[in-house]
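The following paragraphs offer a guided reading of one protein model with a bound ligand. Please keep the structure in view while reading.

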Amino acid sequence: MKAAVYTRFGPPEVISLREVPKPVPAQDEVLIQVTATTVTSAECAMRRGRPLWGRIIIGLRRPRRRMRVLGTEVAGRVVAAGAKVTRFRPGDEVFGFTGFRLGANAEYVCLPQKASLQLKPVNVDFGQAAAVVDGASTALHFLSKAGIRRGQRVLVYGASGSIGTYAVQLAKHLGAHVTAVCGPGNVGLVRELGADEVIDYTKGDYTRARYDIVFDTLGKTSFRRARAALGPRGRYAVTTGLHNMFLSVLTRRVVSGMSVEKNQALELIKSLVEAGQLRIVIDRRYGFDQLAEAHRHVETGHKRGNVVVDVAAVAAT
Ligand SMILES: NC(=O)c1ccc[n+]([C@@H]2O[C@H](COP(=O)([O-])OP(=O)(O)OC[C@H]3O[C@@H](n4cnc5c(N)ncnc54)[C@H](OP(=O)(O)O)[C@@H]3O)[C@@H](O)[C@H]2O)c1
């Protein structure tokens with residue numbers, strides 16, 4: 001099968017399409033034929049081998065052998081199932097998250113049936129399904145961990161990215177009053193997503209008002225700064241930064257860490273998508289042979305929502 005492989009850390013050009021052995025599902029695994037996957041900011045960082053501490057997981061001098069095919073979000077069809085699989089059967093259309101197994105930037109990927117995998121929402125295509133996996137589940141994870149409640153005031157910092165576009169919608173869905181911080185070109189988008197108030201990060205200062213939760217989806221603000229905008233019980237939730245992980249050990253007011261187990265979240269996300277209550281923002285779609293280009297775009301740090309890679313389109317040619 002074809003897979004997008006990288007064997008050393010570096011610029012987008014280190015990724016190339018290669019022939020690799022097709023995976024064989026173990027007894028408790030399903031084999032998924034990938035129709036669509038994505039390129040995320042986190043994967044661009046892995047490809048660069050940055051931050052350096054991340055290499056403890058992905059490989060010190062070069063990517064570990066089992067992590068040389070990137071891709072965490074997947075949507076496709078189950079084409080084979082191990083003897084012990086009861087949750088899925090061949091023909092099922094699924095969407096899910098491979099986590100540290102990675103491997104979704106390939107024509108086929110195996111996942112344990114207990115992985116973060118659900119039947120795909122019926123009303124969206126595979127590309128849209130892949131693009132709702134990580135951003136939406138991560139947004140839900142951090143909002144829940146920060147203890148979001150109906151009627152609270154929530155600030156979403158970085159509201160136009162993958163996590164941000166879902167965080168605005170999910171915080172609204174959970175009954176919060178949402179203020180979104182984004183760039184001037186995305187004010188209209190975040191309003192459409194339901195933000196009650198919008199602050200342009202090139203002009204406004206979010207610390208002039210008070211919030212129950214400041215959700216920093218990008219790590220571009222800080223607890224130090226957010227503290228000025230939080231009441232005494234307010235929480236700062238942040239998706240990145242080793243220092244923030246340490247801070248979260250020192251104070252319960254900082255919520256950090258990783259969103260890894262996504263099965264329950266995907267169930268809710270599927271139902272919200274099917275009910276038309278969660279919009280999936282797709283910035284660009286690329287062919288499987290344009291992966292390096294997709295990385296270049298994501299790496300600018302200015303994508304809107306999500307970037308999809310259509311794998312099956314190339315596989316069929
Ligand atoms: N902890 C976890 O479990 C977990 C899970 C997934 C991802 N992550 C991490 O979460 C981070 C965010 O990922 P993402 O995919 O949501 O990001 P993203 O989609 O790459 O974010 C891009 C967006 O950020 C906006 N932006 C750039 N600079 C900004 C600023 N100074 N203020 C406000 N907005 C700004 C850009 O808008 P403009 O063009 O207008 O600037 C763009 O729309 C990544 O570092 C990723 O590694 C963590």
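Pro 51 is located in the loop that connects helix 1 with helix 2 (55-58). The model is a predicted one, and in it the peptide bond between Arg 50 and Pro 51 is cis, with omega at about -10°. Just after helix 1, Gly 49 adopts a positive phi of about 75°.

Helix 1 itself deserves attention next. Its buried residues are Glu 43, Cys 44, Met 46 and Arg 47. These residues lie on the same side of helix 1, because the arc they cover around the axis is only 160°. The partners against which the buried residues of helix 1 pack are helix 2 and helix 10.

Helix 10 (residues 291-299) can be read in the same manner. Leu 291, Ala 294, His 295 and Val 298 are its buried residues. Their arc around the axis is only 100°, and they therefore fall on the same side of helix 10. The cover over the buried residues of helix 10 includes helix 1, together with strand 1 (2-5), strand 14 (282-287) and strand 15 (306-310). After helix 10 comes Gly 301, which has a positive phi near 80°.

The discussion now turns to the strands. Which strands pair with strand 5, strand 4 or strand 7? Both pairings occur: strand 4 (residues 73-81) and strand 5 are antiparallel and share five bridges, while strand 5 and strand 7 (residues 116-119) are antiparallel and are joined by four bridges. In the pairing with strand 4, Arg 77 faces Glu 93 of strand 5. In the pairing with strand 7, Phe 95 is placed opposite Gln 118 of strand 7. Strand 5 (residues 93-97) is largely enclosed by the rest of the structure, because four of its five residues are buried.

The loop between strand 5 and strand 6 (108-112) contains Leu 102. Phi of Leu 102 is near 50°, a positive value in a residue that is not glycine. Is Leu 102 buried or exposed? Leu 102 has 21 C-beta neighbours inside 10 Å and therefore counts as buried.

At the level of the whole chain, the protein is divided into domain 1 (2-132 + 280-315) and domain 2 (135-255). The centres of domain 1 and domain 2, taken over C-alpha atoms, are separated by 27 Å. Contact between the two involves eight residues of domain 1 and nine residues of domain 2. On the side of domain 1 that touches domain 2, three residues are nonpolar, three are polar and two are charged.

The ligand remains to be placed in this picture. How many residues from each of domain 1 and domain 2 does the shell around the ligand draw? Each of the two domains contributes at least three residues to that shell. At least two residues of the shell come from each of helix 1 (41-48), helix 4 (133-145), helix 5 (162-173) and strand 9 (177-182). Helix 1, described above for its buried residues, is thus also among the elements that supply residues to the shell around the ligand. There are 31 residues around the ligand, of which Ser 160, Gly 161, Ile 163, Gly 183 and His 302 come nearest. By class, the shell holds eight nonpolar, 19 polar and four charged residues.

Key:
Residues numbered from 1 in each chain as written. Predicted model: local features only at pLDDT ≥ 70, side-chain atom pairs only at ≥ 80, totals over all residues. Near = placed C-beta within 6 Å. Nonpolar A, V, L, I, M, F, W, Y, C, P; charged D, E, K, R; others polar. Domains from an automatic or database assignment. Buried ≥ 20, exposed ≤ 12 C-beta atoms within 10 Å, placed from the backbone. Pairing = 2+ DSSP bridges. Contact = placed C-beta atoms within 7 Å. Arc of directions from axis to C-beta.
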